[in-house]
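The following exercises concern helix packing, nonpolar cores and backbone geometry. Each task is followed by a worked solution.

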Amino acid sequence: MDIFSKIEKAYQNQMPFVVYRKPNIHIISGFFMNTKQLCFTNSFTENGFVFAPFDSNDAVILIPSNQSSYFKEKLNLELINHNTKEVFLDDDVSKLNHIRIVEEAIQTIDTSDLKKIVISRKEKVQLSSFNLITIYKKLLQNYNNAFVYVWFHPKIGLWLGATPETLLNINDLAFKTMSLAGTQLYTNTEKVTWQKKELEEQQLVTDFIKNQLETISSKLKIDKTETVKAGNLLHLRTKVEGMLSSNASLKLLIRALHPTPAVCGLPRDLAKSFILENENYNRKFYTGFLGEINLSNTDNLKKTSDLYVNLRCMEIENSVANIYVGGGITSDSESIKEWQETVSKSKTMKRVLF
């Protein structure tokens with residue numbers, strides 16, 4: 001039985017599982033739980049796969065290694081036809097609401113200590129039919145350089161995504177992370193010009209990560225900012241790496257980084273408060289993080305963790321796909337352009353649904 005058959009069987013039997021492919025590799029992996037127990041972690045000392053919400057005060061779900069079967073196999077995909085027509089219409093109510101909140105965010109930034117606020121929205125897409133395996137295969141086929149996953153628990157729900165952003169890779173004490181900000185539509189070239197707004201936003205995220213890590217790590221190295229492609233979009237990315245201090249923990253490192261300014265804002269606590277008070281919906285696991293924690297590296301016998309920010313994702317509820325999208329707001333933002341950016345991002349998920 002291949003891993004797609006295992007997905008189908010587990011979903012039909014309402015058993016918890018997660019299946020994922022890391023960026024730019026041809027191996028697909030999965031944890032399939034043998035109970036329906038809902039497990040959590042607070043210490044991040046367990047082994048398995050975590051699924052964490054945006055709000056760091058909420059519980060982090062764990063699929064434990066010791067309650068699961070783990071599978072890994074080479075990924076072979078047949079070509080799947082997918083929608084190429086622009087058949088997606090604007091939701092005028094959602095549009096007006098999003099523009100209003102963005103304008104409130106800009107006004108707040110201009111009159112406070114806030115430098116950036118990430119504003120998001122949830123878009124509901126009615127599904128005439130739904131085939132989990134086909135949709136997941138489309139994500140895998142179309143987003144090679146993303147972390148592409150399907151996650152399910154009967155007590156939580158079904159989520160799929162193709163995220164371009166790494167929160168954290170850690171091998172023993174050596175770690176890598178990144179700042180990711182700015183968005184443009186890909187038009188057959190990665191040699192593009194970035195505006196002042198995107199460049200400043202990217203620098204804010206990079207500076208935050210540097211400041212958060214300086215006290216708990218050493219040998220920090222920050223690479224030059226580069227343009228990267230994720231599906232039909234381009235982003236600015238800056239890679240960061242270093243060594244975790246011997247007295248620091250994985251939990252401390254995670255809490256230092258999450259939520260990053262790329263999904264929350266700066267200063268972080270002020271931005272988070274604005275989001276929780278003004279977005280008027282629950283992000284749930286959108287802009288949270290997910291991935292492996294404390295798995296054994298067979299090459300060097302050290303523990304490794306690979307965590308990704310949960311972007312470009314959707315939640316399936318009955319015959320509706322909830323698509324989550326957002327963007328960073330600064331004093332230079334224009335509300336209509338911010339709306340258009342979320343529309344571009346939502347198409348990443350919409351294209352695999354039809």
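Helices (H or I, at least four residues) and strands (E, at least two) are DSSP runs, numbered from the N terminus. The model is predicted.

**Exercise 1.** Locate Thr 287 and determine whether Thr 287 is buried or exposed.

Solution. Thr 287 is found in the loop between H6 and strand S16 (289-296). Its phi is near 65 degrees, a positive value in a residue other than glycine. The relative accessible area of Thr 287 is 1%. Buried means under 20%, so Thr 287 is buried.

**Exercise 2.** Carry out the same analysis for Lys 219.

Solution. Lys 219 belongs to strand S12 (residues 217-222). Phi of Lys 219 is near 55 degrees, again positive in a residue other than glycine. The relative accessible area of Lys 219 is 70%. The cut-off for exposed is over 50%, so Lys 219 is exposed.

**Exercise 3.** Classify the packing of helix H1 (residues 3-12) against helix H3 (residues 132-142).

Solution. The angle between H1 and H3 is about 140 degrees, and their axes are 10 Å apart. Angles over 145 degrees would count as roughly antiparallel and 65 to 115 as roughly perpendicular; H1 is therefore oblique to H3. The crossing is right-handed. Phe 4, Ile 7, Glu 8 and Tyr 11 of H1 meet residues of H3 including Leu 132 and Tyr 136. The contact residues comprise seven nonpolar, no polar and two charged.

**Exercise 4.** Identify which peptide bond leading into Pro 259 is cis, and place that proline.

Solution. The bond from His 258 to Pro 259 is cis, with omega near -5 degrees. Pro 259 lies in the loop between helix H5 (250-257) and strand S15 (265-266).

How values were computed
Residues are numbered from 1 along each chain as its sequence is written. This is a predicted model: local features need pLDDT of at least 70, side-chain atom pairs count only at pLDDT 80 or more; totals for chains, interfaces and linings use all residues. Side-chain values use heavy atoms; hydrogens and water are left out. Axes are lines fitted to C-alpha atoms, for helices over the stretch in contact, and angles run from 0 to 180 degrees between N-to-C directions. Angles under 35 degrees count as roughly parallel, over 145 as roughly antiparallel, 65 to 115 as roughly perpendicular and the rest as oblique. A crossing is left-handed if the near helix is turned anticlockwise from the far one by less than a right angle, and right-handed if clockwise. Contact means heavy atoms within 4.5 Å. Ala, Val, Leu, Ile, Met, Phe, Trp, Tyr, Cys and Pro count as nonpolar, Asp, Glu, Lys and Arg as charged, and the others, Gly among them, as polar. Buried means under 20% relative accessible area, exposed over 50%, partly exposed in between (1.4 Å probe, protein chains only).
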